[in-house]
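The following exercises are to be worked with the sequence and the coordinates at hand. Each task is followed by a solution in steps.

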Amino acid sequence: MREKTVAFHTLGCKLNYSETSTLSRMLEADGFMKKDFEEIADVYVINTCSVTDNADKECRLLVRRIQKRAPESMVVVTGCYAQLKPEEIANIKGVDLVLGAAEKFNITHHLRELSKGDSAKICSCDIEDVSGFNSSWSVNDRTRTFLKVQDGCDYNCTFCTIPLARGHSRSDSIEGVLNNIKELANTGIKEIVLTGINLGDFGKGNDGGKKREESFYELVQELEKTEGIERFRISSIEPNLLSNEIIEFVARSKKFMPHFHIPLQSGSNKILGLMRRRYRRELYAERVATIKQLMPHCCIGVDVITGFPSETDEDFKETFDFLHELEVSYLHVFTYSERTNTDALQIKPVVPIHIRNERTKALRNLSYQKMQYFTAQHAGQTRPVLFETAQKNGMIDGYTDNYIKVQTPYRAEWVKQLVDWTL
């Protein structure tokens, strides 16, 4: 009997990539052979995002491509878009199975019961009923992995659908994380990036709840003691949850890299209030100043949204000037897009699309300048670089501890190795 094949495509964040990797391992353990998404496979799994309208459109486009290439293949759609709009996805011609947040990790069971030609089956539930934590990690080039330690969010920012798509904040236990790290250490992984939807909220336990059982600070302290993994990174952490004790810990740490990614979203306090963010720009500036005082070499990334409803030219200038003055290294810029069932839809006036795009372009240019300046500051310094496994056109890439990208002609002996590199 021919071995069944499966192919995956991931849209969105690093958390989605870690979950796709785990779904892949589950199906491979169940007898499926993994194939590239561009090849013919028996089953295609699309793990979706729904942060922007583009992710929704891309999902529909992918299904159409599969229909043309392999009309007899099964198509499974999961992820945030699948939780938010299951009926909409089920109505896309070619989709066979829609798995919501609670059913994503039961994929092997659902595939056994599925037949091509049936109407699309929706396995979803009310997001309030989603409970339990499923740990997952990505293993792509076996140099670095993204390890999910937290899921869901109890914040209700007015622009965001994530609480509707992933449910309340819940997390692995410290013991569970340590067990996963032991397993990863045996695979040759050198660096682990800790990921979550609201990572700093780690500690509410498997089913969430108001009472905090453990804390993110306790987790990083325990990870510092682990053996077998040389580097850890904190993927993204809210400024109000990034305490001084965490910053001071990273400054002293031998394992945690001098690199933070801290969402800002706007440099205008008026807009931060309308977004229902849990801090103001003054606290953000204070966090950056503390980091730079203790670690002048630290890389700081920033998330920012342009064109939020009612953002005037003055509000945007406030954001631009704030970021221009701030000692940060790069920006991830998102153009605001309207999302169903979010409170931001009630905020007026709406910023025209062409103005949103102009503001995005201005901030992306600023980000390029920031990274160029940050890199130039370290010219002549020697820093440890972890090289990747992939060879690209005779070149090999790697990142310094403080996230400066290095590219050099490929040398096999450097693959997956930490090399002292003069910038």
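**Exercise 1. A histidine in a loop**

Which backbone oxygen lies 2.8 Å from a polar atom of the side chain of His378? Establish also where His378 is placed, and whether His378 is buried or exposed.

*Solution.* The model is predicted.

Step 1. The oxygen in question belongs to the backbone of Phe374.

Step 2. His378 is found in the loop that runs between helix H13 (353-377) and strand E16 (382-392).

Step 3. The relative accessibility of His378 is 3%; because buried means under 20%, His378 counts as buried.

Step 4. When neighbours within four places in sequence are set aside, the contacts of His378 are His297, Arg383, Asn402, Ile404 and Leu423.

**Exercise 2. An arginine in a strand**

Determine which side chain forms a polar contact of 3.2 Å with the side chain of Arg233, and describe the surroundings of Arg233.

*Solution.*

Step 1. Arg233 belongs to strand E12 (residues 231-234).

Step 2. With a relative accessibility of 2%, Arg233 counts as buried.

Step 3. The partner in the 3.2 Å side-chain polar contact is His259.

Step 4. Residues up to four places away in sequence are not counted here; Arg233 then touches Glu191, Ile192, Val193, Leu194, Met257, His259, Tyr399, Thr400, Asp401 and Tyr403.

Step 5. Of these, Glu191 is 42 residues from Arg233 along the chain, and the two C-alpha atoms are separated by 7.7 Å.

**Exercise 3. A threonine ahead of a helix**

How many residues separate Thr161 and Leu84 in sequence, and how far apart are their C-alpha atoms in space?

*Solution.*

Step 1. Thr161 lies in the loop between strand E9 (150-151) and helix H6 (162-166).

Step 2. The separation from Leu84 is 77 residues in sequence and 8.2 Å in space, C-alpha to C-alpha.

Step 3. Leu84 is among the residues that Thr161 touches; the others are Ser50, Arg339, Thr340 and Thr342, with residues up to four places away in sequence not counted.

Step 4. A relative accessible area of 6% makes Thr161 buried.

**Exercise 4. Three helix pairs**

Characterise the packing of H7 with H8, of H8 with H9, and of H9 with H11.

*Solution.* Two packed helices are described by the angle between their axes and the distance between the axes.

Step 1. For helix H7 (residues 174-185) and helix H8 (residues 216-224), the axes cross at roughly 35° and come within 10 Å. The crossing is right-handed. Ile174, Val177, Leu178 and Ile181 of H7 make the contact with Glu218, Leu219, Glu222 and Leu223 of H8. By class, there are 6 nonpolar, no polar and 2 charged residues in this contact.

Step 2. For H8 and H9, the axes cross at roughly 10° and come within 10 Å. H8 is therefore roughly parallel to H9, since angles under 35 degrees count as such. H8 passes H9 in a left-handed crossing. On the H8 side, Phe216, Tyr217, Val220, Gln221 and Glu224 meet Glu245, Ile246, Phe249 and Arg252 of H9. These residues divide into 5 nonpolar, 1 polar and 3 charged.

Step 3. For helix H9 (residues 244-252) and helix H11 (residues 281-294), the packing angle is about 25° and the axes are 10 Å apart. This angle makes H9 roughly parallel to H11. The crossing of H9 and H11 is right-handed. Asn244, Ile247, Glu248 and Ala251 of H9 make the contact with Arg287, Thr290, Ile291 and Leu294 of H11. The contact of H9 with H11 comprises 4 nonpolar, 2 polar and 2 charged residues.

**Exercise 5. Backbone geometry in loops**

Which residues does a cis peptide bond join, and what are the phi values of Arg276 and Lys416?

*Solution.*

Step 1. The cis bond joins Lys348 and Pro349, with omega about 0°. Pro349 is placed in the loop between strand E15 (330-335) and H13.

Step 2. Arg276 is not a glycine, yet has a positive phi of about 65°. Arg276 lies in the loop between helix H10 (269-275) and H11. With a relative accessible area of 40%, Arg276 is partly exposed.

Step 3. Lys416, also not a glycine, has a positive phi of about 60°. The loop that holds Lys416 runs between strand E18 (405-409) and strand E19 (418-422). At 23% relative accessibility, Lys416 counts as partly exposed.

Terms used: Residues numbered from 1 in each chain as written. Predicted model: local features only at pLDDT ≥ 70, side-chain atom pairs only at ≥ 80, totals over all residues. Heavy atoms only, no water. Axes fitted to C-alpha atoms, helices over the stretch in contact; angles between N-to-C directions. Helix = DSSP H or I, 4+ residues; strand = E, 2+ residues; numbered from the N terminus. Parallel < 35°, antiparallel > 145°, perpendicular 65-115°, else oblique. Left-handed = near helix turned anticlockwise from the far one by under 90°. Contact = heavy atoms within 4.5 Å. Nonpolar A, V, L, I, M, F, W, Y, C, P; charged D, E, K, R; others polar. Buried < 20%, exposed > 50% of the residue type's maximum accessible area, 1.4 Å probe, protein only. Polar contact = N/O pair within 3.5 Å; in protein donor to acceptor, adjacent residues only side chain to side chain.
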